[in-house]
Amino acid sequence: MNVKKHFIVFILGLIVPLLTGACCLAMPKAEMIELPNHLKLIVFEEHSIPAVTLELLVSAGSWQDPQEMKGLANLTAKSILLGTRSLSFDEINKRLDFIGASLDADCTRDFALIGMQVLKKDLDAGLGLFTEVIIHPTFPSADVDGQKDDIIGSLRSKEDDPIEVANKAFNRALFVDNPYASPVEGTEKSVAEIGTTELSSFYSSFYRPNNSILVIGGDITLREVKDIIVPKLVEWEAAGISETPSRVEFAEGVVNVAIDKPVSQATIMLGCPAMERASADYYPFQVLNQILGSGDLSSRLMVELRIKKGLAYAVESYPEARKHAGSFRVIIQTKASSAKESIALARKELERLRHEPVSEAELQAAKKFLTGNFPLKYSQQIDYAKFLAQIQFYGLGSDYPDRYASLINAVTSEEILGVAKKYIAPENVTVIVADLKKAQIK
């Protein structure tokens with residue numbers, strides 16, 4: 001369960017600047033320092049609202065889950081806010097309410113995130129809570145059991161969502177037998193079997209300053225960070241971190257997965273392996289995806305499947321680049337009777353990318369959209385803080401925000417053709433969730 005409490009004054013403090021246009025569109029410059037315990041600290045100033053954001057990224061995502069204990073990383077991240085050596089879960093909530101702060105935790109395949117937003121005037125109290133939960137969690141068993149029930153309930157509800165079912169089947173088929181194949185949340189069985197001993201062990205193994213990045217931004221200066229915040233972080237002790245094998249194996253050849261469900265429409269997912277996040281191929285592939293199926297009405301998939309043929313209720317494509325590997329997928333929602341035709345048309349567009357250079361008009365429109373939209377995605381403190389943490393985590397370089405536009409603008413149609421030939425395999429993995437009789441699929 002995420003701990004997230006917003007007090008009225010804090011909400012007003014965030015809404016008023018939005019109404020007046022005072023948000024951090026200019027991407028503030030960030031500075032990085034490394035503490036004696038090897039915690040990487042990134043600081044940016046953004047004084048439009050009297051609030052401070054803290055975002056901690058820990059290299060403790062579900063990639064680190066033991067084979068027999070899927071969901072351990074996620075449960076650890078969710079449970080870290082449930083109690084400390086001096087504060088119960090209820091006491092943490094009461095203090096958050098009193099100062100009007102938010103505190104939450106999340107877990108992805110690559111990393112865990114713990115974030116706080118607090119008014120500048122309450123920074124000292126908020127910082128005390130933040131450091132207490134990240135350095136001294138106790139994982140109280142009763143509250144952990146409640147968190148497990150929440151996760152299991154979420155897993156059960158996802159079984160009724162065709163997109164979630166397709167996504168789960170796609171990852172399992174594409175990534176074969178490695179951590180990226182499993183849901184971040186684990187399974188009902190694996191979550192039920194995790195105890196507080198396993199949580200404490202996972203926390204001790206990975207939640208260390210030398211395995212973490214902390215971004216602090218907003219109405220604060222580097223001098224204030226050094227004087228006020230750094231002294232509270234030095235007691236966090238570094239330790240050796242176990243190396244996790246990073247080899248990823250992918251499905252070979254053609255893999256077709258058909259899942260029979262009594263649903264009114266078909267959900268189709270087809271795709272293939274793609275690049276890791278740090279790859280130079282990421283940028284031409286971003287432009288390729290913008291042209292193919294980013295969701296824009298002018299994208300090829302939207303034009304062919306929805307506008308011209310009227311087949312798809314929704315269609316999009318996206319690459320998902322991670323630390324050790326990535327994937328690319330096309331998602332289509334259509335009538336069951338149109339499933340086969342939709343798959344054939346989508347594969348035709350994928351093949352077209354592999355054999356024909358994109359037009360100059362498509363290339364320039366995609367570049368314009370990507371470079372123009374880039375700063376807008378990180379216009380809020382919390383989004384920008386997460387962005388800076390991930391830049392450091394993926395090793396993209398501290399000047400990445402300044403280089404992004406040039407990286408996109410340098411992409412050529414020849415490079416797009418090259419990455420299409422390198423990565424896109426139209427018939428590699430196809431998953432369909434539908435009433436298979438109506439879809440005429442055996």
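What follows is a chat between a colleague and a modeller about reading a predicted model.

Colleague: What should I know before I start clicking?

Modeller: This is a predicted model, where local features need pLDDT of at least 70, side-chain atom pairs count only at pLDDT 80 or more, and totals for chains, interfaces and linings use all residues. Residues are numbered from 1 along each chain as its sequence is written, and side-chain values use heavy atoms, with hydrogens and water left out.

Colleague: How do I read a nonpolar core, and which residues have the most contacts inside the largest one?

Modeller: A nonpolar core is a set of buried Ala, Val, Leu, Ile, Met, Phe, Trp, Tyr and Cys residues joined through side-chain atoms within 4.5 Å. Buried means under 20% relative accessible area, exposed is over 50%, and partly exposed is in between (1.4 Å probe, protein chains only). Here the largest core has 67 residues, and Val287, Phe328, Ile332 and Ile432 have the most contacts inside it. There's also a second, separate core of 59 residues that includes Ala73, Ile194, Phe202 and Leu214.

Colleague: What does Ile432 touch?

Modeller: Contact means heavy atoms within 4.5 Å. Skipping neighbours within four places in sequence, the contacts of Ile432 include Val257, Ile259, Ile268, Ala339 and Ile441.

Colleague: Ile432 is in strand S11, right? How many residues of S11 are buried?

Modeller: First, the naming: helices (H or I, at least four residues) and strands (E, at least two) are DSSP runs, numbered from the N terminus. In a regular strand the side chains alternate between the two faces of the sheet. In S11, Val429, Val431 and Val433 sit on one side, Thr430, Ile432 and Ala434 on the other, and all are buried. That's six of six, so S11 is largely enclosed by the rest of the structure.

Colleague: Which strands pair with S11, and in what direction do they run?

Modeller: Two strands pair if DSSP finds at least two bridges between them. S7 (residues 255-260) runs parallel to S11, with six bridges; one pair is Ile259 with Val433. S8 (residues 265-274) runs antiparallel to S11, with five bridges, and there Gly271 stands opposite Val429.

Colleague: What about positive phi angles?

Modeller: Two to look up. Phe139 has a positive phi of about 50° although it isn't a glycine; it lies in the loop between helix H4 (123-135) and helix H5 (141-158). Gln440, also not a glycine, has phi near 55° and is found in the segment after S11.

Colleague: Are those two residues buried or exposed?

Modeller: Phe139 is buried, at 3% relative accessibility, whereas Gln440 is exposed, at 60%.

Colleague: How is a pocket defined, and what is the volume of the largest one?

Modeller: On a 1 Å grid over the protein atoms alone, a pocket is an open set of points where a 1.4 Å probe fits, with protein on both sides within 12 Å along at least five of seven lines; lining residues have an atom within 4 Å of a point. Points are joined across faces, edges and corners, and the volume is the space filled by probe spheres set on them. The largest pocket comes to about 1400 Å³. Its lining has 47 residues, with Tyr318, Pro319, Glu320, Ala321 and Gln390 nearest its centre.

Colleague: And where is Asn167?

Modeller: Asn167 is in helix H6 and is partly exposed, at 21%. Beyond four places in sequence, Asn167 contacts Met269, Tyr318 and Arg329.
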